[in-house]
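Dear colleague,

I am handing over a structure that you have not worked with before, and the notes that follow set out what was found in it. Please read them with the model open beside you.

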Amino acid sequence: MSELVASGKRNVARQGFTADEQRQYVSITIDGQMFGIPVLIVHDVLGPQRITRIPLAPAEVAGSLNLRGRIVTAIDVRLRLGLPKRPANMDGMSVVVEHSGEFYSLMVDGVGEVLTLSSAEFERNPATLDPRWRDISLGIYRLQDQLLVILDVNRLLDFTRNEAA
């Protein structure tokens, strides 16, 4: 058992965390899967917004919205991950994050609560994790009843990766 704990602490150290450090994440839901976004990069949580389409933009770029006088690009995370569009009868929400000096509104199915989790429980992506999630994940937390996939916002918003492939 002590070997397992020691190996877990080494895993945490490789991720840049100390073993007893606490991390906070805003929980979001996309197609029934729970994700976590580090609380420090979340600027706003929004309900349904009026979005203006952008001509010739990629399908996952839903458009733009005005957030207190600032133009924010809205990304439909479902389409970004190759999932079907959200049903018309389901109101979504948005989480506004900053990436490379720009604000992006990540359109998701729902936003939950802020979770405070121990770094010691953080795990690298398991081999069995859905490949769609693995490509945009930093790692996971095993919660009581489901997996919390920690979202790598930089990879999610890196449009050059998909274009190069």
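**Two sheets, their cores and one arginine**

In this predicted model, one open sheet is built from 5 strands in the order β8-β1-β2-β10-β9, and its pairing is mixed. The edges of this sheet are taken by β8 (110–118) and β9 (137–142), each of which has a single partner strand, so one side of each is left without a neighbour in the sheet. From one strand to the next, the twist averages 35°. At the β9 end, this edge strand runs antiparallel to β10 (residues 147–151) and is joined to it by 5 bridges, and if you want a pair of residues to locate there, Ser-137 stands opposite Leu-151 in β10.

A second open sheet, also described as having 5 strands and mixed pairing, follows the order β3-β6-β7-β5-β4. Here the edge strands are β3 (42–46) and β4 (61–67), each pairing on one side only, and the twist averages 30° from one strand to the next. The pairing of β3 with β6 is antiparallel and extends over 4 bridges, with Val-42 placed opposite Val-97 in β6. As general background, strands of a sheet pair through backbone hydrogen bonds, either parallel or antiparallel.

For the protein as a whole, the count is 5 helices and 10 strands. Of its 165 residues, 42% count as buried, while the area that the protein exposes is about 9,400 Å², with carbon and sulfur atoms supplying 50% of it. Among the contacts with a separation of 6 or more, 53% are between residues 24 or more positions apart.

Turning to the interior, the largest nonpolar core has 26 residues, and those with the most contacts inside it are Ile-28, Ile-37, Val-97, Leu-106 and Leu-151. At least two residues of this core come from each of β1 (22–30), β2 (33–38), β6, β7, β10 and α4 (153–156). Apart from this core lies another, of 9 residues, among them Leu-46, Ala-62, Leu-67 and Phe-103. In soluble globular proteins, nonpolar side chains tend to be buried together.

Leu-106 is a useful residue from which to look around the larger core, and it lies in strand β7 (residues 102–108). Leu-106 counts as buried because its relative accessibility is 0%, which is under the 20% cut-off. Leaving aside residues up to four places away in sequence, its contacts include Ile-37, Val-97 and Leu-151, and also Met-93, Ser-94, Val-95 and Leu-156. Ile-75 is 31 residues apart from Leu-106 in sequence, yet their C-alpha atoms are 5.1 Å apart in space.

The last residue to point out is Arg-86, which is placed in the loop between α2 (77–80) and β6 (93–99). Is this arginine buried or exposed? Arg-86 counts as buried, because its relative accessibility is 18% and the cut-off is under 20%. Its side chain reaches the backbone oxygen of Val-108 at 3.4 Å, and a polar contact of 3.4 Å also joins the side chains of Arg-86 and Asp-109. When residues up to four places away in sequence are not counted, Arg-86 touches Arg-78, Asp-91, Gly-92 and Met-107 as well as Val-108 and Asp-109.

With best regards

Conventions. Residues numbered from 1 in each chain as written. Predicted model: local features only at pLDDT ≥ 70, side-chain atom pairs only at ≥ 80, totals over all residues. Heavy atoms only, no water. Buried < 20%, exposed > 50% of the residue type's maximum accessible area, 1.4 Å probe, protein only. Polar contact = N/O pair within 3.5 Å; in protein donor to acceptor, adjacent residues only side chain to side chain. Contact = heavy atoms within 4.5 Å. Pairing = 2+ DSSP bridges. Axes fitted to C-alpha atoms, helices over the stretch in contact; angles between N-to-C directions. Core = buried A, V, L, I, M, F, W, Y, C linked by side-chain atoms within 4.5 Å. Areas by Shrake-Rupley, 256 points an atom, 1.4 Å probe, with all protein chains shown as cover.
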